[in-house]
Amino acid sequence: MARYLPDGNIEYLGRIDNQVKIRGFRIELGEIETALSQHPHVQASCVIAREDTPGDKRLVAYIVPQPQVTLTISELRSDLKEKLPDYMVPSAVVILESLPLTPNGKVNRRALPAPELSNELLEKYVAPRTPIEEMLALLWTQVLKVELVGRHDNFFELGGHSLLATQLISRVRNSLKVELPLRSLFAAPTIAELAPNIQRLQQQDLELAAPPILRRTENAELPLSYAQQRLWFLDQFEPNSASYNIPFGLRLVGSVNVDALQQSLIEIIHRHEALRTNFITVDGQAAQIIQQETNWTLSVVDLQHLPVTEQEIAAQKLVKQQAFEPFDLASEALIRATLIVLSQTEQWLLVCMHHIVSDGWSIGVFVQELQAIYNAYSQSEPSPLLPLPIQYADFALWQRQWLVGEVLNSQLSYWQEQLANVPTFLPLPTDRPRPVVQTFNGANMEFSLSVELTQKLVKLSHKQGCTLFMTLLAAYNTLLYRYTGQTDILVGTPIANRDRTEIEGLIGFFVNTLVMRTDLSENPSFNELLPRLREMALSAYAHQDLPFEMLVEALQPERDLSYTPLFQVMFVLNNAPKPEIELTGLTV
């Protein structure tokens, strides 16, 4: 693999099989090695992806310095940060006297040692001093997937964002038995700053904001969650619609063990009641039935007999068919999967779930479990996964019992005040008249932000005490203001709503929609807008439990069939966990 330089020369980057994928980024190891070799004190280098802890794949650089030179890791890392984006800077650097070689004289990558905690980390590291600080340090390592956290390390500079902050708050609730507001972490982003806040809350002995979610008793009532209720209603209103299908696919290169794959999928369905649930109508009301046994099967379509060009056409047709085929909520399994066989070494696995039993986060859970179970079954071993402590129906029951009385009034009153006197419509200029009834016809436009711009946005976010989401939303609002001239702008945004550890590992429909109202009055500069937006977003996160459908019902906004109520634009930053998937004998 090579690339053109601005002066017209071609720079060799390395072999194409030296490509890895880490946390969603495809990385050329040769490009990192090239950057390292340009340092005057580096004689030789090698970069590999290691997974010493299961599920924690990271980049490790091995360096041989020039003779009679003292090379520090911090100096090397600073040099790399000027040349490469953050995700390509190795998380560990190991300095060796020489690189191990094979008999053929090539670098023996398998013989490279596992990194120890680097001197650079130990130099900066200040150990936790109290039991609370020690517990916080442990929780940070779990959430941020880092080796070592000192009391002065900044949560957001270590890679934290709003979603990870929510997971940390959930773990603090479970381990330290306090209800820590999300904004506390933004105000005190180091362990040394946060620990006293937690100690004060413990001394106040405040009750937790919500009781734990427990497994329901046998023969308990099985209500739908509020979000499920809304989707069921929409399905009654417009049956046989594929609008709420969630399709995704995996390209599998290598020899698939079809039996192990089918049994793995059946085991996932068996583990998660949501995937065995149907929704029926009883006396005009929705009711759910959890099937104890299913006759679910993986559909296998063999296209090996077709010429290559016809294979591609037939496979793409199947992809569309799977994605757009509607589900019958009352009688069909709400997950289906098809394996398209193109050759002995290439297969496509298509999976489609209905949104009423799934969401974006659930795909990450599904993929993670598929990896663990398939890798075990393909070697005739039992599933390594522990039984789930609770199920989605337990969450739905808990939600109905908790979100009442004072709790409901508190959430409702916040949103009623926050959205008082909002404009009903965002007058975006359009190239043709808006139809009387909304059609959802449209198009999409793709573009990329450069690595340099992304780095600058991240730095600006850290400087202003914001997350990247907040900074990008501020930019989006600025654009909407420029197009409409409106200073009161409402934008919808999805929130994972997985703010409790009990539900992090469940497949189900948890995602909620928040209405982000931004005030652009008095012509603020961008640096003035960011703190406004940060405060608004943190308040919205603190009141994320009110289901969007209940909010619309309570506010009774003016209805018009030509546009959606409350907001007509959305902003989404996809940062839900998406694990790398490695299946035995397969490249995915």
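**A hairpin, its neighbouring strands and selected buried residues**

In the hairpin formed by strand 9 and strand 10, 2 residues lie between the strands, and D283 adopts a positive phi near 55 degrees. The model described here is predicted. Strand 9 covers residues 277–282 and pairs with strand 10 in the antiparallel sense, over 6 bridges. Within this pairing, T281 stands opposite A286 of strand 10. The side chains of strand 10 (residues 285–290) alternate along its length. A286, Q288 and I290 point to one face and are buried, whereas Q285, A287 and I289 point to the other face and are not buried. In general, side chains in a regular strand alternate between the two faces of the sheet.

Strand 8 pairs with two strands that are distant in numbering from one another, strand 13 and strand 16. Strand 8 (residues 245–254) and strand 13 (residues 346–354) run antiparallel and are joined by 9 bridges. In strand 13, H354 is the bridge partner of N245. The pairing of strand 8 with strand 16 (residues 586–587) is likewise antiparallel, over 2 bridges. Here G254 stands opposite L586 of strand 16.

For the chain as a whole, 17 helices and 16 strands are found. The radius of gyration is 26 Å, close to the 25 Å that the globule rule gives for 588 residues, so the chain is as compact as a globular protein of that length. The C-alpha trace spans about 80 × 65 × 55 Å along the principal axes of the chain. Of the 588 residues, 47% are buried. The accessible surface amounts to about 31300 Å², and carbon and sulfur atoms account for 52% of this area. Among contacts between residues at least 6 apart in sequence, 71% join residues at least 24 apart.

Helix 1 (residues 29–37) is mostly covered, with 8 of its 9 residues buried. The buried residues of helix 1 are L29, G30, E31, I32, E33, T34, A35 and L36.

D394 belongs to helix 12, which comprises residues 392–402. Its relative accessibility is 1%, so D394 counts as buried. The side chain of D394 makes a polar contact with the side chain of R216, at 2.8 Å. A polar atom of the D394 side chain also lies 2.7 Å from the backbone nitrogen of Q391. When neighbours within four places in sequence are left aside, D394 is in contact with I213, L214, R215 and R216. R216 thus appears both in this set of contacts and as the side-chain partner of D394.

H543 is located in the loop between helix 16 (526–542) and helix 17 (548–555). With a relative accessibility of 17%, under the 20% cut-off, H543 counts as buried. The H543 side chain reaches the backbone oxygen of S539 at 2.8 Å. Apart from neighbours within four places in sequence, the residues in contact with H543 are S410, Q411, Y414 and W415.

Two cysteines were examined for burial. C46 has a relative accessibility of 1% and therefore counts as buried. C466, at 3% relative accessibility, counts as buried too. A search of the whole structure finds 0 disulfides.

How values were computed: Residues numbered from 1 in each chain as written. Predicted model: local features only at pLDDT ≥ 70, side-chain atom pairs only at ≥ 80, totals over all residues. Heavy atoms only, no water. Disulfide = S-S within 2.5 Å. Buried < 20%, exposed > 50% of the residue type's maximum accessible area, 1.4 Å probe, protein only. Helix = DSSP H or I, 4+ residues; strand = E, 2+ residues; numbered from the N terminus. Pairing = 2+ DSSP bridges. Polar contact = N/O pair within 3.5 Å; in protein donor to acceptor, adjacent residues only side chain to side chain. Contact = heavy atoms within 4.5 Å. Rg over C-alpha atoms; globule rule 2.2 N^0.38 Å. Areas by Shrake-Rupley, 256 points an atom, 1.4 Å probe, with all protein chains shown as cover.
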